[in-house]
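Morning, everyone. One structure today, and I'll start from a single strand and work outwards. Please have a look at it first.

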Amino acid sequence: MNILVTGSSGWLGQTLVPRLVRDGHKVIGLDPEAGPTTSVVGSVVDRALVHRLIQSEGIEAIVHAAARHKPHIETHDNSEFVAVNVQGTLNLLEEAVAPGSKVDRFVFTSTTSLMISQEIRDGKAGGAKEAVWIDETMTPLKPRNIYGVTKLAAEELCRLFNHLHRLPVLVLRTSRFFPEEDDMAHAIAQSGENTKANEFLFRRLSVEDAAEAHVVALAKAKDIGFDTFIVSALTPFRREDCRALIADAPSVVARYFPDYRQRYDARGWTMFDTVDRVYDSSKAARVLGFTCRTNFRQVLDGLS
């Protein structure tokens with residue numbers, strides 16, 4: 001296929017573009033920042049550019065991973081989030097269904113962040129008595145910042161275009177896979193590496209798994225039509241663990257992984273005292289046929 005990948009210079013794009021090329025696809029990478037996986041430097045906000053690429057390159061599939069992200073809240077105003085995350089998504093969708101377009105599938109990279117209200121974010125400190133079990137049925141969605149609000153709006157545009165034009169669209173709500181330190185690292189006792197390892201229990205995946213989820217979504221989009229999936233490492237936890245997770249997370253982890261304390265102690269690592277949410281990615285396994293290869297067990301076994 002001829003595939004347009006937006007955000008191709010980003011962390012996901014750097015992994016996804018070569019993966020698609022290895023499968024024999026022709027990939028056009030679009031990003032405002034130049035990079036080895038970007039063939040066209042430009043923005044999804046530029047409607048004329050989007051039109052030209054889709055038409056002249058005979059684009060058959062779009063992976064829309066470009067976005068203003070949460071860290072940009074400190075450096076960009078709200079209008080920039082609306083321009084890129086909402087208008088940029090609309091530009092792609094409208095050009096995907098325009099006369100002469102060959103696009104027959106669309107994969108949108110969304111985020112689990114839009115499912116986290118301020119109440120969930122406050123967790124135990126805010127008076128929560130149990131962790132929140134999060135799957136695709138959770139409503140209402142009350143994103144707590146402009147990033148989440150605009151990503152949710154973009155999701156709704158995807159749903160609308162499937163409804164109006166029957167464009168197959170799959171929305172992937174990815175959990176954390178960024179390599180940077182958490183933007184709240186100053187308030188976290190654990191090191192960055194320790195933090196990321198802990199998060200594989202309930203809200204993280206590897207960038208390789210994130211890329212693979214998009215490959216699977218491209219293959220399944222036409223059969224599914226429209227759907228939304230949480231993409232995260234499968235959690236070992238169960239719903240009945242939620243009360244204990246908010247009160248004493250280390251004891252719950254120890255029940256599932258009796259060897260974790262010894263391995264962590266050898267590194268001087270610790271578990272979070274409390275876990276405020278758990279992402280349930282079982283729908284992706286059931287419907288999409290995708291399960292992350294990297295999980296907490298593998299992370300644990302990789303510790304020397």
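Start with strand β2, residues 26-31. This is a predicted model, so keep that in mind throughout. Five of the six residues in β2 are buried, so the rest of the structure largely encloses this strand.

Who are the neighbours of β2? On one side, strand β1, residues 2-6, runs parallel to β2, and five bridges join them. To find the register, look at Asn2, which stands opposite Lys26 of β2. Now add helix α1, residues 11-22. Together, β1, α1 and β2 form a β-α-β unit, and the unit is right-handed.

β2 also pairs with strand β3, residues 40-41. That pairing is parallel too, over two bridges. Here the register can be read from Asp31, which stands opposite Val41 in β3.

Now follow β1 the other way. Strand β4, residues 61-64, runs parallel to β1, with four bridges between them. Two pairs to find on screen. Ile3 has Ala61 of β4 as its bridge partner. Thr6 has His64.

What covers the two faces of β4, buried or exposed residues? Remember the general pattern: along a regular strand, side chains alternate between the faces of the sheet. In β4, Ala61 and Val63 are on one side, Ile62 and His64 on the other. All of these are buried, and both faces are covered.

One more step across. β4 pairs with strand β5, residues 105-111, in the parallel sense, and there are four bridges. Val63 has Val107 of β5 as its bridge partner.

Put it together. The open sheet has seven strands, and its order is β3-β2-β1-β4-β5-β7-β8. The pairing is parallel. The edges are β3 and β8, residues 226-231, and each of these pairs on one side only.

Next, the whole protein. It has 11 helices and nine strands. Its C-alpha atoms fill a box of roughly 60 × 35 × 35 Å along the principal axes. Why call the size compact? For 304 residues, a compact globule would have a radius of gyration near 19 Å, and the protein has 20 Å, which agrees.

Burial and contacts, quickly. Of the 304 residues, 53% are buried. Take the contacts with a separation of 6 or more: 77% of them are between residues 24 or more positions apart. The exposed surface comes to about 13,400 Å², and carbon and sulfur atoms supply 51% of it.

On to the cores. The largest nonpolar core holds 55 residues. Which residues have the most contacts inside it? Phe237, Tyr264 and Phe296. Helix α7, residues 207-224, gives this core its largest share, nine residues. Another core lies apart from it, with 26 residues, including Leu30, Val44, Val50 and Leu157.

Click on Tyr264. Leaving out residues up to four places away in sequence, Tyr264 touches Asn194, Ala197, Asn198, Trp269, Thr270, Met271, Phe296, Leu300 and Leu303.

That brings us to helix α6, residues 192-199. Seven of its eight residues are buried, so α6 is largely enclosed by the rest of the structure. Among the buried ones are Asn194, Ala197 and Asn198. What do the buried residues of α6 pack against? Helices α9, residues 260-267, and α11, residues 296-301.

Now for some loops. Ala189 sits in the loop between β7, residues 169-174, and α6. Ala189 counts as exposed because its relative accessibility is 78%, and the cut-off is over 50%. Ala189 and His165 are 24 residues apart along the chain, and their C-alpha atoms are separated by 49 Å.

Then Arg68, in the loop between β4 and α3, residues 78-96. Arg68 has a relative accessible area of 22%, so it is partly exposed. The buried class means under 20%. Arg68 and Ala83 are 15 residues apart along the chain, and their C-alpha atoms are 9.2 Å from each other.

To close, back to the start: β2 pairs with β1 over five bridges and with β3 over two, and five of its six residues are buried. Thanks, happy to take questions.

Conventions:
Residues numbered from 1 in each chain as written. Predicted model: local features only at pLDDT ≥ 70, side-chain atom pairs only at ≥ 80, totals over all residues. Heavy atoms only, no water. Buried < 20%, exposed > 50% of the residue type's maximum accessible area, 1.4 Å probe, protein only. Pairing = 2+ DSSP bridges. Right-handed = clockwise from strand over helix to strand, strands pointing away. Rg over C-alpha atoms; globule rule 2.2 N^0.38 Å. Contact = heavy atoms within 4.5 Å. Areas by Shrake-Rupley, 256 points an atom, 1.4 Å probe, with all protein chains shown as cover. Core = buried A, V, L, I, M, F, W, Y, C linked by side-chain atoms within 4.5 Å.
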